[in-house]
Amino acid sequence: MTRKTLMMTAAALAVSTGAAMAEGEVVGFSQIGSESGWRAAETTLTRQQAEERGIQLQFSDAQQRQENQIAAIRSFIAQGVDAILLAPVVATGWDSVLQEAQEAEIPVVLLDRQVDSADDLYLTAVGSDLVHEGEVAGQWLVDEVAGEECRVVELQGTTGSSPAIDRKTGFENAIEGHDNIEIVRSQTGDFTRAQGKEVMESFLQAENGGQDICALYAHNDDMAVGAIQAIKEAGLKPGEDILIVSIDAVPDIFQAMAAGEANATVELTPNMAGPAFDALAAYWADGTMPEKFIQTESKLYTQADDPQGEYDRRKDLGY
Ligand code: AHR
């Protein structure tokens, strides 16, 4: 009897006794690290979702290193876990380890970032349309500047990660054909607050103390929050002298928006684990194959959308 058949038999027994399908299953979670408020929220919510469903979560923090993620996945395979959640730090280099999981008949679910491996190497991917997020941010700026000249600086996410690649593409798609808007500087801030601040300081210095910058596009809110600090220290008003649009919708950006220091953010839900566990429960129950991509929403919030209320609502959610 294969491992999968055994799992299906156990699932059938669970049905006959009325037990929850995911109860007692062991899931390994290879998390990237804790580079941002959003990431911390995703970790908290994944733990909560697992606990609510009686799933035993084996958590591994890769501290931003792909080799740590690969080692964690191999260790999950050796333990014979029932499934693996993977938030992949970069898009390339996963083929071998995904093949090993497949050979061991352990389903892998990708969370929030994509890989460039063949899609039959994982069960499903839960995440947003990352290109669309960049397009939403870019379209906000197009509408906001309404034909005025606008020199944009861009803080990119982790080099080689799917959100850094796709959010850049999406923003460029949105401003294409709008010759009044130009990205004049673009550099990685690695999705962290500290590097967002540091890189913004160098942008300000290179752009006439910030006088020549019309807007900042940051691939996540944490880098935007770091940049806001840099802009204030340079004697300028973030949100007025320099427009700020970013992605994630974490509480701190709503606080900045309520203070008039940030202008817009595109929401990325940190609850990727809920849909992932639902898909796994159906798969464990009777082999139901989920869609290859389970898409989450990308909603735009501006200063007009009650930022203080959004802050209050979110800060108790595990951020
Ligand atoms: O992959 C999602 C991105 O990773 C979030 O936008 C960012 O904050 C995080 O670190």
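UniProt positions are given in the numbering used here, and such annotations may be inferred rather than shown by experiment. With that in mind, here are some close-up views of this predicted model.

**View 1. The span that UniProt annotates as a domain.** The unreviewed UniProt entry places the feature "domain: Periplasmic binding protein" at residues 28-280. If you look for the two ends of residues 28-280, you will find their C-alpha atoms 13 Å apart. Helix makes up 45% of this span and strand 20%.

**View 2. An open sheet of 6 strands.** Reading across the sheet, the order is β7-β6-β8-β9-β10-β12, and the pairing is mixed. The edges are β7 (181-188) and β12 (300-302), each of which pairs on one side only. From one strand to the next, the twist averages 20°. Helix α9 (residues 251-258) packs on this sheet, where it touches β9 (243-248), β10 (264-267) and β12. The direction of α9 makes about 155° with that of β10.

**View 3. Strands β6 and β8 side by side.** Here, β6 (residues 150-156) meets β8 (residues 215-218) in the parallel sense, over 4 bridges. To find your place, start from V153: its bridge partner in β8 is L216.

**View 4. F29 meets F59.** The whole structure holds 3 aromatic pairs. One of them joins F29 and F59 edge-to-face, with 5.6 Å from centre to centre and 70° between the planes. Because F29 belongs to strand β1 (residues 26-31) and F59 to strand β2 (residues 56-61), the pair ties together parts that are 30 residues apart in sequence. F29 is buried, at 1% relative accessibility, whereas F59 is partly exposed, at 28%. F59 has a charged neighbour as well: R47 lies over the face of its ring, at 4.4 Å from the ring centre.

**View 5. F254 meets Y301.** The ring centres of F254 and Y301 are 5.3 Å apart and their planes stand at 90°, so this pair is edge-to-face. F254 sits in helix α9 and Y301 in strand β12, so the pair links parts that are 47 residues apart in sequence. This contact can be viewed together with the packing of α9 on the sheet, since β12 is among the strands that the helix touches. F254 counts as buried, at 0% relative accessibility, and Y301 is buried too, with a relative accessible area of 5%.

**View 6. A lysine over a tyrosine ring.** In this last view, look for Y122: the charged end of K292 sits over its ring, 5.2 Å from the centre.

How values were computed:
Residues are numbered from 1 along each chain as its sequence is written. This is a predicted model: local features need pLDDT of at least 70, side-chain atom pairs count only at pLDDT 80 or more; totals for chains, interfaces and linings use all residues. Side-chain values use heavy atoms; hydrogens and water are left out. Two strands pair if DSSP finds at least two bridges between them. Axes are lines fitted to C-alpha atoms, for helices over the stretch in contact, and angles run from 0 to 180 degrees between N-to-C directions. Contact means heavy atoms within 4.5 Å. Rings of Phe, Tyr and Trp (its six-membered ring) pair if their centres lie within 6.5 Å; planes under 30 degrees apart count as stacked, over 60 as edge-to-face and the rest as tilted. Buried means under 20% relative accessible area, exposed over 50%, partly exposed in between (1.4 Å probe, protein chains only). A charge sits over a ring if NZ of Lys or CZ of Arg is within 6 Å of the ring centre and within 35 degrees of the ring normal.
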